[in-house]
Amino acid sequence: MAMERTALLIIRAWIEEGSSAPLRAQLSMTSDVSNGMERTSSHSDVADVGTQVEGWLRKILADPA
């Protein structure tokens, strides 16, 4: 029987007023919550955030439980 695994991604986003690139996003992620947060990254571009989220989801699909 396969063991259930729970992944977690937290996106904290805010606007930095007066900046030429005002978006700020911090991503904290893990592919298995029993290991704690495995990675945290900061971004100021919507596309970068999307790329990180997609990569995280693909990792979850690729990693055996």
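A helix here is a DSSP run of at least four residues, and helices are numbered from the N terminus. The legends below describe a predicted model.

**Figure 1. The salt bridge within helix H1.** Glu 54 and Arg 58 both belong to helix H1. Four residues separate them, which is about one turn of the helix. Their side chains form a salt bridge with an N to O distance of 2.9 Å. Glu 54 is partly exposed, at a relative accessible area of 42%, whereas Arg 58 is exposed, at 55%. Arg 58 counts as exposed because its value is over 50%.

**Figure 2. The whole chain.** The protein contains one helix and three strands. Read from the N terminus, the order of these elements is β-β-β-α. The C-alpha trace spans about 55 × 20 × 10 Å along its principal axes. The radius of gyration is 14 Å, while a compact globule of 65 residues would have one near 11 Å. Of the 65 residues, 18% count as buried. The protein exposes about 4,700 Å², and carbon and sulfur atoms supply 56% of that area. Among contacts with a separation of 6 or more, 34% are between residues 24 or more positions apart.

**Figure 3. Charges and the salt bridge of Glu 16.** The protein has 6 positive and 9 negative charges, and the mean positions of the two groups are 2 Å apart. The count of salt bridges comes to three. In one of them, the side chain of Glu 16 meets that of Arg 24, with N and O 2.9 Å apart. Glu 16 has a relative accessible area of 34% and is partly exposed.

**Figure 4. A salt bridge between a loop and the helix.** Which residue forms a salt bridge with Glu 38? The partner is Lys 59, and the closest N and O atoms of the pair are 3.8 Å apart. This pair links distant parts of the chain, with the two positions 21 residues apart in sequence. Glu 38 lies in the loop between strand E2 (23-30) and strand E3 (39-43), and Lys 59 lies in helix H1 (residues 46-62). Both ends of the bridge are partly exposed: the relative accessibility is 39% for Glu 38 and 37% for Lys 59.

**Figure 5. The surroundings of Met 29.** Met 29 is found in strand E2. Is this residue buried or exposed? Met 29 is buried because its relative accessible area of 5% falls under 20%. Leaving aside neighbours within four places in sequence, Met 29 is in contact with Leu 8, Leu 9, Met 37, Glu 38, Arg 39, Ser 41, Gln 52 and Trp 56. One of these contacts, Glu 38, is also the salt-bridge partner of Lys 59. From Met 29 to Ile 10, the C-alpha to C-alpha distance is 6.4 Å, although the two are 19 residues apart in sequence.

**Figure 6. Ser 44 in the loop before the helix.** Ser 44 sits in the loop between E3 and H1. With a relative accessible area of 36%, Ser 44 is partly exposed. What does Ser 44 touch, not counting residues up to four places away in sequence? The residues are Ala 21, Leu 23 and Arg 24. The C-alpha atoms of Ser 44 and Arg 24 are 4.7 Å apart in space, while the residues are 20 apart in sequence. Arg 24 also takes part in the salt bridge with Glu 16.

Technical notes
Residues are numbered from 1 along each chain as its sequence is written. This is a predicted model: local features need pLDDT of at least 70, side-chain atom pairs count only at pLDDT 80 or more; totals for chains, interfaces and linings use all residues. Side-chain values use heavy atoms; hydrogens and water are left out. The radius of gyration is taken over C-alpha atoms; the globule rule is 2.2 Å times the number of residues to the power 0.38. Buried means under 20% relative accessible area, exposed over 50%, partly exposed in between (1.4 Å probe, protein chains only). Contact means heavy atoms within 4.5 Å. Accessible areas come from the Shrake-Rupley method with a 1.4 Å probe; for residues, only the protein chains shown count as cover. Lys and Arg count as positive and Asp and Glu as negative; His and the chain ends are not counted. The place of a charge is taken as NZ of Lys, CZ of Arg, CG of Asp or CD of Glu. A salt bridge is a side-chain nitrogen of Lys or Arg within 4 Å of a carboxyl oxygen of Asp or Glu.
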